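Me: I would like to go through this structure with you, beginning with charged pairs. Please start with the term itself.

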Amino acid sequence: MKHLAAYLLLGIGGNTSPSADDIKGVLSSVGIDADDDRLDKLISELKGKDIQELISEGSTKLASVPSGGGGGGGAAAPAAAAGGGAAAEEEKKPEKEPEKEEDTDEDMGFGLFD
């Protein structure tokens, strides 16, 4: 992925066909060592191809791939008030927050520095 990112950066910078040395230069400028095998494979697969065309083809293919999942269902909608007044009063009452319990050493039976 880092090799492809360097290739794309060089392409944005105006180098339409970056060489392996160009990519190594970009990676070494940020302290990353290039993997020669992966770099050679990337160069050979992208040789003579227009990167913008490849990106648009890939975007088209990704658009047809289902992403996400069924996920969970949404939260249930609140029920409509039948009488109107009683439901409105219930909504106005603030919920009581549970009292906060302070963490003490006594709860565990020992202290941190005992």
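Reply: A salt bridge here is a side-chain nitrogen of Lys or Arg within 4 Å of a carboxyl oxygen of Asp or Glu. Please note that the model is predicted.

Me: How many salt bridges does a search of the whole structure find?
Reply: The search finds two salt bridges.

Me: Which residue forms a salt bridge with Lys24?
Reply: The partner of Lys24 is Asp36, and their closest N and O atoms are 2.9 Å apart. This pair links distant parts of the chain, since Lys24 lies in helix α2 (residues 20-29) and Asp36 in helix α3 (residues 36-46), twelve residues apart.

Me: Is Lys24 buried or exposed?
Reply: Lys24 is partly exposed, at a relative accessible area of 32%. Asp36 is also partly exposed, with a value of 38%.

Me: And what does Arg38 pair with?
Reply: Arg38 forms a salt bridge with Asp35, with the closest N and O atoms 3.6 Å apart. Arg38 has a relative accessible area of 59%, and it counts as exposed because the cut-off for that class is over 50%. Asp35, at 31%, counts as partly exposed.

Me: Changing topic: which residues form a nonpolar patch on the surface?
Reply: The patch consists of Met1, Leu4, Leu8 and Ile55, which together have about 380 Å² of accessible area.

Me: Where is Leu8 placed?
Reply: Leu8 is in helix α1, which covers residues 2-12. Leu8 is partly exposed, with a relative accessible area of 30%.

Note on methods:
Residues numbered from 1 in each chain as written. Predicted model: local features only at pLDDT ≥ 70, side-chain atom pairs only at ≥ 80, totals over all residues. Heavy atoms only, no water. Patch = residues over 30% accessible without salt bridge, like charges linked within 9 Å, V, L, I, M, F, W, Y side chains within 5 Å. Areas by Shrake-Rupley, 256 points an atom, 1.4 Å probe, with all protein chains shown as cover. Helix = DSSP H or I, 4+ residues; strand = E, 2+ residues; numbered from the N terminus. Buried < 20%, exposed > 50% of the residue type's maximum accessible area, 1.4 Å probe, protein only.
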